[in-house]
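Here's a quick walk through some strands, turns and charged side chains. Have the viewer open and follow along.

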Amino acid sequence: VTTLTGALNANGDVNVNGGKLTVSATNGNTAVAGTLTVAASTTLSDTLAVTGNVNVNTNKFVVTATNGNTAIAGSLSAGVTTLSSTLGVTGATTLQNSLAVTGSTVLSSSLAVSGDVNVNSGKLVVTAASGNTAIAGTLSAVSDFKVGVTSAEKFTVAASSGNTDIKGTLLVDEDVKFGPST
């Protein structure tokens with residue numbers, strides 16, 4: 001066993017135990033065959049190229065080398081972010097601000113909205129507090145039209161025939177015409 005108490009100056013390559021640790025005298029490149037353990041902070045001044053998986057603090061942050069898949073066990077905080085593929089979320093998602101979607105959107109379950117709904121600057125408005133609904137365009141119904149509590153409707157129009165059933169008083173302010181339309 002040799003103990004050094006001062007600096008080791010080597011003019012040639014350093015090779016420990018048949019390549020377990022090598023340092024090239026020409027460029028300083030260092031190869032470590034075993035595990036490199038660093039107890040203090042480390043500063044890298046250039047690119048860190050890793051050919052195997054990256055695993056930080058027992059699966060807290062993992063990058064799989066073969067496909068680039070990344071798993072984060074904690075929270076991810078990011079500024080403006082652009083994704084070039086599908087974002088898959090398996091748990092609940094909370095957005096702190098507005099969500100702008102430029103393409104079509106498909107929802108495979110119910111959509112719960114606690115605030116007002118406003119489509120295209122007032123074309124369809126549902127007021128959350130009252131449920132009042134305002135439609136700026138034409139309302140077309142391809143199925144029966146019913147007003148009132150289910151199974152106790154006060155006004156119905158059958159889509160197939162146009163038959164109208166009114167349970168209550170019909171007040172007419174203008175002329176009424178009966179017979180075939182001409």
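Two strands pair if DSSP finds at least two bridges between them. Strands themselves are DSSP runs (E, at least two residues), just as helices are runs of H or I with at least four, and both are numbered from the N terminus. Some housekeeping: this is a predicted model, where local features need pLDDT of at least 70 and side-chain atom pairs count only at pLDDT 80 or more, while totals for chains, interfaces and linings use all residues. Residues are numbered from 1 along each chain as its sequence is written, and side-chain values use heavy atoms, with hydrogens and water left out.

**Two hairpins sharing β11**

Let's start with strand β11 (residues 152–157), which pairs with β10 (residues 145–149) in the antiparallel sense over 5 bridges. Within that pairing, Gly148 has Glu153 of β11 as its bridge partner. The two strands make a hairpin with 2 residues between them, and Ser151 in the turn has a positive phi of about 70 degrees.

β11 also runs antiparallel to β12 (residues 164–166), joined to it by 3 bridges. Here Phe155 sits opposite Ile166 in β12. This is a hairpin too, with 6 residues between β11 and β12, and Gly162 in its turn has a positive phi of about 85 degrees.

**Glu153 and the charges around it**

What is the nearest side chain of opposite charge to Glu153? It's Lys146, 4.3 Å away, and Glu153 is buried yet has no salt bridge. For the terms: buried means under 20% relative accessible area, exposed over 50%, and partly exposed in between (1.4 Å probe, protein chains only). Lys and Arg count as positive and Asp and Glu as negative, with His and the chain ends not counted. A salt bridge needs a side-chain nitrogen of Lys or Arg within 4 Å of a carboxyl oxygen of Asp or Glu.

The Glu153 side chain does reach the backbone nitrogen of Ser151, at 3.2 Å. Leaving aside neighbours within four places in sequence, Glu153 is in contact (heavy atoms within 4.5 Å) with Lys146, Val147, Gly148 and Lys167.

By the salt-bridge rule, the count comes to 1. The side chains of Lys167 and Asp165 meet in a salt bridge at 2.7 Å, N to O. Asp165 counts as partly exposed because its relative accessibility is 33%.

**The β7-β8-β9 sheet**

Elsewhere, 3 strands form an open antiparallel sheet in the order β7-β8-β9. β7 and β9 (133–135) stand at the edges with a single partner strand each, so one side of each has no neighbour in the sheet. On average, neighbouring strands of this sheet are turned by 5 degrees against each other, direction ignored; the axes behind that angle are lines fitted to C-alpha atoms (for helices, over the stretch in contact), and angles run from 0 to 180 degrees between N-to-C directions. β7 and β8 pair over 3 bridges in the antiparallel sense, with Asn118 matched to Val125 of β8.

**Positive phi in two loops**

Asn57 and Ser121 each have a positive phi while being a residue other than glycine.

| Residue | Phi | Loop | Relative accessibility |
|---|---|---|---|
| Asn57 | near 50 degrees | between β4 (54–56) and β5 (61–63) | 56% |
| Ser121 | near 55 degrees | between β7 (117–119) and β8 (124–126) | 71% |

Are these two loop residues buried or exposed? Asn57 counts as exposed, and Ser121 is exposed as well.

Conventions:
Polar contact = N/O pair within 3.5 Å; in protein donor to acceptor, adjacent residues only side chain to side chain.
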